[in-house]
Amino acid sequence: MRFRDVVSWTSIISAYGMSGQGCDAVALFSKMLLSGPYPDSIAFVSVLSACGHAGLLDEGRYYFKLMTEQYKMTPRVEHFACLVDLLGRSGRVEEAYSLIRQMPMEPNERVWGSLLGACRVYSNLDIGLLAADRLFQLAPKQSGYYVLLSNIYAKAGRWEDVTTVRSIMKGKGIKKTPGASNTEINDQVYTFLAGDQSHAQSKKIYEELDVLVGKMKEAGYIPETDSALHDVEEEDKEFHLAVHSENQAHFQDC
């Protein structure tokens with residue numbers, strides 16, 4: 001391009017960030033600053049989001065500080081959401097919650113959702129309950145937040161609470177939408193559900209999956225079954241994880 005404005009720079013930075021290439025996104029943002037275009041608030045959202053996806057905690061903190069102190073921009077809720085997500089992904093759950101409490105505006109669903117997701121990953125029940133309570137007020141019909149809370153209870157071995165959450169969902173008529181994974185081959189999109197048998201090559205896909213899981217275990221892989229939602233035997237939990245829709249989609253892609 002003969003002329004590169006902040007929009008074109010932001011577009012490619014965002015693309016790198018969404019594809020997991022956070023270091024490249026950060027490098028491009030630095031190059032943009034050196035080449036002249038004045039970054040706007042959306043450009044900072046893009047680079048902060050890229051840092052979150054790549055786990056670049058120090059870089060994310062630096063750019064948030066750069067935005068507020070050097071460029072004198074007032075952070076919007078989108079910037080706080082990115083920083084909360086970055087902190088949560090990095091295991092700084094308490095720090096993320098502290099940031100939310102200091103926000104000058106009301107945290108939205110995305111902010112609390114990022115925190116709840118981090119609480120599930122890092123087994124923080126106390127903050128997870130607070131985040132879930134706010135999300136149930138903001139989005140009372142969103143099944144995903146009930147499922148995340150169930151996962152947190154399951155990881156803590158609190159199966160009665162898991163059952164209670166399920167009962168609440170049933171009582172409110174909230175149904176969990178089955179997770180699906182898509183892969184595109186030769187301009188055709190294939191959709192998979194967990195345990196799906198509808199694909200013409202399902203038998204071969206599961207055979208290949210069994211081979212891979214065996215090799216993974218030989219290499220020292222131990223399935224993380226503590227967040228499985230059902231109080232069942234470990235072998236059953238491993239099976240549910242093994243037939244996850246993403247695994248099937250990857251094998252179809254191969």
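These legends accompany close-up views of a predicted model.

**View 1. The whole chain has 13 helices and two strands.** The chain counts 254 residues, and 42% of them are buried. About 14,800 Å² of the chain is exposed. Carbon and sulfur atoms supply 51% of that area. Take the contacts between residues at least 6 apart in sequence: 60% of them join residues at least 24 apart.

**View 2. Tyr38 and Tyr71 form an aromatic pair.** The chain has eight aromatic pairs. In the pair shown here, Tyr38 and Tyr71 meet edge-to-face. Their ring centres are 5.2 Å apart, with 75° between the planes. Two values are given because a pair of aromatic rings is described by the distance of the centres and the angle of the planes. An angle over 60 degrees counts as edge-to-face.

**View 3. Two loops are tied together by the Tyr38 and Tyr71 pair.** Tyr38 lies in the loop between α2 (22-35) and α3 (41-54). Tyr71 lies in the loop between α4 (57-70) and α5 (77-89). The pair therefore ties together parts that are 33 residues apart in sequence. Which of the two residues is buried, and which is exposed? Tyr38 is exposed, at 54% relative accessible area. Tyr71 is buried, at 14%.

**View 4. Six aromatic residues form one cluster.** Tyr38 and Tyr71 belong to this cluster. Phe29, Phe44, Tyr62 and Tyr63 belong to it too.

**View 5. Cys51 is a buried cysteine without a disulfide.** Its relative accessible area is 0%. A disulfide is a covalent bond between the sulfur atoms of two cysteines. Where is the cysteine sulfur closest to that of Cys51? It is in Cys23, 8.8 Å away. That is too far for a bond, because a disulfide needs sulfur atoms within 2.5 Å. The structure as a whole holds zero disulfides.

**View 6. Cys119 is another buried cysteine.** The relative accessible area of Cys119 is 0%. Cys119 counts as buried because the cut-off is under 20%.

**View 7. Leu212, Met216 and Tyr221 make a nonpolar surface patch.** The patch covers about 240 Å². Tyr221 sits in the loop between α11 (202-218) and α12 (234-242). How accessible is Tyr221, and what does it count as? Its relative accessibility is 36%, so Tyr221 counts as partly exposed. That class runs between the buried limit of 20% and the exposed limit of 50%.

Note on methods. Residues are numbered from 1 along each chain as its sequence is written. This is a predicted model: local features need pLDDT of at least 70, side-chain atom pairs count only at pLDDT 80 or more; totals for chains, interfaces and linings use all residues. Side-chain values use heavy atoms; hydrogens and water are left out. Patches are made of residues with over 30% relative accessible area and no salt bridge: like charges are joined within 9 Å, nonpolar side chains (Val, Leu, Ile, Met, Phe, Trp, Tyr) within 5 Å. Accessible areas come from the Shrake-Rupley method with a 1.4 Å probe; for residues, only the protein chains shown count as cover. A salt bridge is a side-chain nitrogen of Lys or Arg within 4 Å of a carboxyl oxygen of Asp or Glu. Helices (H or I, at least four residues) and strands (E, at least two) are DSSP runs, numbered from the N terminus. Buried means under 20% relative accessible area, exposed over 50%, partly exposed in between (1.4 Å probe, protein chains only). Rings of Phe, Tyr and Trp (its six-membered ring) pair if their centres lie within 6.5 Å; planes under 30 degrees apart count as stacked, over 60 as edge-to-face and the rest as tilted. Contact means heavy atoms within 4.5 Å.
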